[in-house]
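Got the viewer open? Here is a short tour, stop by stop, with what to select and what you will find there.

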Amino acid sequence: MSNGLQIRKDGELDFLSLGALVHRLDTGIIPFRKATECQIHVSGGEFNVAANLADCFGMRTAVVSAMSDYPIGDLIAERVRAMGVKPIYKHFKHNGVNGPNMATVYSDRGFGVRAPVVFYNRSNEAAAQLKPGDFDWKAIFSGGVRWVHSGGIFAALSPTTAELAAEMMKSAKQAGAVTSFDLNFREKLWKVAGGEEKAVETIHRIVESVDVLVGNEEDLQKGLGIPGPEVAAKSKLDSSAFFGMMDKVTSKLPNVKVVATTLREVHSTNRHSWSAVAWINGHTYSAPTAELDVYDRVGGGDGFAAGFIYGLLTGEAPEQAIKLGWAHGALLTTFPGDTTMATLDQVRAFAKGGSARIQR
């Protein structure tokens, strides 16, 4: 079954993403207001996919981002290298007082009935200052790039980041790359950036020519302004509401060939039912449902996107591509941090059924 994507066979890079690099201060199960210590994770919704594809799936990936030259920037740059991702940075000089900064994300994992909490400090963020013209896309794409990716988090940072993402998508199309966009709708970010109406208008300019969308019903409704189904789905694992929106998505965005998302029913902070669905070139596909014991839920969606994109890039059947994404996303929730610690063998074993109890 064809996925409808024209994926070039060769290229200097398999995958390139554009997004902000951030560091997450994670106090584990202790709420931030009572914390005395934390772990530092390097992250970024768009970067995570590139890092996962490089480290777990052995693909040649790059990240286009802003880098502020001070110790936090150094820490982030070191982790980017450690994940095997090629950096393409616009450098900013930090003035030692108020920036430009590398954004900070604060989180605690929650536990049981207590949900995780995530909040940000993105004041004077270097990445928000990125604008069209900052990168020479012709040069970046000259060696061939097979797949190009960005997302709603980067688009929400400033009017110029959204324009830069749109500029990159146009250049990517001209260079023959497949393009994808993770809607990743973040209420807190868009509230500051002008609300839902602004989100719809901004995102539309970026995605009007993309091939692949990642996002759930809420992302599609709030990010694309597509009205949701009349009847609320009985369960978060019910894919009918998602598939029921595909006609509206494709009539609004006729170039889109693939739309995929994870499905997650949260029983408690550490117990989730987990599945995934994809609409590929007019056909629908669903992953099995697994019961997950969750250690750190942040990054699971990016884990899914990476495995799914890997499957599509390597010519796997659609059913297998979605299973690889589902399996990698599931494994990612068992590690601390936002990026992968899984091996490809583990992903393939879990995609086959693994040892977790699966309900079919």
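Helices (H or I, at least four residues) and strands (E, at least two) are DSSP runs, numbered from the N terminus. This is a predicted model: local features need pLDDT of at least 70 and side-chain atom pairs count only at pLDDT 80 or more, while totals for chains, interfaces and linings use all residues. Residues are numbered from 1 along each chain as its sequence is written, and side-chain values use heavy atoms, with hydrogens and water left out.

**The whole chain**

Start with a cartoon of everything. You should see 13 helices and 15 strands. The radius of gyration (taken over C-alpha atoms) is 19 Å, close to the 21 Å from the globule rule (2.2 Å times the number of residues to the power 0.38) for 360 residues, so the chain is as compact as a globular protein of that length. Along the principal axes, the C-alpha atoms fill a box of roughly 55 × 50 × 40 Å. Of the 360 residues, 58% are buried, where buried means under 20% relative accessible area, exposed over 50% and partly exposed in between (1.4 Å probe, protein chains only). Contact means heavy atoms within 4.5 Å; among contacts with a separation of 6 or more, 72% are between residues 24 or more positions apart.

**Helix H1**

Next, select residues 45-55. This is helix H1, and ten of its eleven residues are buried. Among them are Glu-46, Phe-47, Asn-48, Asn-52 and Leu-53.

**The cores**

Keep Phe-47 and Leu-53 on, then add Val-85, Trp-147 and Phe-308: these have the most contacts inside the largest nonpolar core, which has 58 residues. A nonpolar core is a set of buried Ala, Val, Leu, Ile, Met, Phe, Trp, Tyr and Cys residues joined through side-chain atoms within 4.5 Å. Which helix gives the most to this core? Helix H11 (residues 300-313), with eight residues. For a second, separate core of 57 residues, pick out Ile-140, Val-148, Ala-155 and Met-245, which are included in it.

Zoom back to Phe-308, which is buried at 0% relative accessible area. Beyond its neighbours within four places in sequence, Phe-308 is in contact with Val-258, Ala-260, Ala-278, Ile-280, Ala-321, Ile-322 and Gly-325.

**Aromatic pairs**

Now show the rings. Rings of Phe, Tyr and Trp (its six-membered ring) pair if their centres lie within 6.5 Å; planes under 30 degrees apart count as stacked, over 60 as edge-to-face and the rest as tilted. There are nine aromatic pairs in the whole structure.

Select Phe-32 and Tyr-106: this pair is edge-to-face, 5.2 Å centre to centre with 90° between the planes. Phe-32 is in the loop between strand E2 (22-26) and strand E3 (39-43) and Tyr-106 is in strand E6 (residues 104-108), so the pair ties together parts 74 residues apart in sequence. Phe-32 is partly exposed at 27% relative accessibility, whereas Tyr-106 is buried at 19%. Add Phe-119, and you have a cluster of three residues linked by ring pairs.

Then go to Phe-304 and Phe-308. Their ring centres are 5.6 Å apart and their planes at 10°, so this pair is stacked. Both lie in helix H11, four residues apart, about one turn of the helix. Phe-304 is buried too, at 1% relative accessible area.

**Last stops**

Find Arg-109, which lies over the face of Tyr-295 at 4.2 Å from the ring centre. A charge sits over a ring if NZ of Lys or CZ of Arg is within 6 Å of the ring centre and within 35 degrees of the ring normal.

Finally, colour the cysteines. How many disulfides are there? Zero, with a disulfide being a pair of cysteine sulfur atoms within 2.5 Å. Cys-38 is partly exposed at 40% relative accessible area, and Cys-56 is buried at 7%.
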